[in-house]
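Let's go through this one by asking how each label was earned. Have a look at the sequence and the structure first.

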Amino acid sequence: MLGLKLPTDPRWVNIVEKNIEEILTDHAFCEQKATSTAISLIVSFPEYTELVQEMVALVKEEISHFKMVHDKILERGWVLGRDRRDDYVIELLKFFPKGGSRTTQLVHRLLYAALIEARSCERFRLLSEELQDKELATFYRNLMVSEANHYTMFLGFARQYGEKKEVDAKWQELLEYESKIMSNLGKKETVHG
Ligand SMILES: [Fe+2]
Ligand SMILES: [Fe+2]
């Protein structure tokens, strides 16, 4: 599914289930970061008109996801906590070299975004299938569909703006690299932990 090389161990859901407040807090900030990424792509690459248009739509969608998660936190009588450290994202960023042409930079940012969307989608699918809390399971099913669309959109833009063969090769390398990161994760109650 989604080209990912290493599926998440379903036992990760058992860890999550013991601390719903933690996953919701981390998840809220994932949605905030998705919003910020979309804004930052507009700021960095304003001349890519089609991308800008899609990012405007994405900003609205991701901030609405943030609100949905925030509402869930409030419904359960909690208050949103501080952002959590995302080791997955820190490791992922190391894959991309600094510098390169503007197009290369854009392609890297798009592939990075595509992968985070893909992995989040995979995690949401697992939650939607395995969570005992059926209300939350349905919540994650709906979000999973959105994130799958985002994954395809980002990958599509990378192929459109970059050299397709090079982009596909880079994407495969990135998937390999990501599977190695993932082999050490799946032990924390965070979206990518
Ligand atoms: Fe989202
Ligand atoms: Fe997304």
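Q: How are the donor residues of the iron ion (ligand 2) spaced in sequence?
A: Their spacing reads E-x54-E-x29-E-x2-H. One thing up front: this is a predicted model, where local features need pLDDT of at least 70, side-chain atom pairs count only at pLDDT 80 or more, and totals for chains, interfaces and linings use all residues. Residues are numbered from 1 along each chain as its sequence is written, chains are lettered from A and ligands numbered from 1 in the order in which they are written, and side-chain values use heavy atoms, with hydrogens and water left out.

Q: What makes Glu62, Glu117, Glu147 and His150 protein donors of the iron ion (ligand 2)?
A: A donor is an N, O or S atom within 2.8 Å of the metal (3.2 Å for Na, K and Ca), and since water is not among the atoms, sites may look incomplete. Here the donor atoms are OE of Glu62, OE of Glu117 (listed twice), OE of Glu147 and ND1 of His150, and they lie 2.0 to 2.5 Å from the iron ion (ligand 2). Those distances fit the cut-off, so donors they are.

Q: Which residue bridges the iron ion (ligand 2) and the iron ion (ligand 1)?
A: That's glutamate 62, and the two ions lie 3.5 Å apart.

Q: Why are glutamate 147 and histidine 150 separated by about one helical turn?
A: Because they sit 3 residues apart in helix α6 (residues 134-161). A helix here is a DSSP run of H or I with at least four residues (strands are E runs of at least two), numbered from the N terminus.

Q: How do you know whether glutamate 147 and histidine 150 are buried or exposed?
A: Check the relative accessible area: under 20% is buried, over 50% is exposed and in between is partly exposed (1.4 Å probe, protein chains only). Glutamate 147 comes in at 2% and histidine 150 at 4%, so both count as buried.

Q: What about glutamate 22: is it buried or exposed?
A: This residue of helix α2 has 17% relative accessibility, so glutamate 22 counts as buried. Glutamate 22 touches Arg84, Glu189 and Thr190, leaving out residues up to four places away in sequence; contact means heavy atoms within 4.5 Å.

Q: Why is tyrosine 88 called buried?
A: Tyrosine 88, in helix α4 (residues 87-93), has a relative accessible area of 1%, so it is buried. Beyond its neighbours within four places in sequence, tyrosine 88 is in contact with several residues, including Leu115, Arg119 and His192.

Q: What makes α3 roughly antiparallel to α6?
A: The axes of helix α3 (residues 49-75) and α6 cross at roughly 160° and come within 12 Å. Angles under 35 degrees are roughly parallel, over 145 roughly antiparallel, 65 to 115 roughly perpendicular and the rest oblique. That puts α3 and α6 in the roughly antiparallel class. By class, their contact has 12 nonpolar, 4 polar and 8 charged residues.

Q: How do you know how α2 and α3 are oriented to each other?
A: Their axes come within 8 Å and cross at roughly 165°, and α2 and α3 are therefore roughly antiparallel. The contact residues divide into 16 nonpolar, 5 polar and 3 charged.

Key: Axes are lines fitted to C-alpha atoms, for helices over the stretch in contact, and angles run from 0 to 180 degrees between N-to-C directions. Ala, Val, Leu, Ile, Met, Phe, Trp, Tyr, Cys and Pro count as nonpolar, Asp, Glu, Lys and Arg as charged, and the others, Gly among them, as polar.
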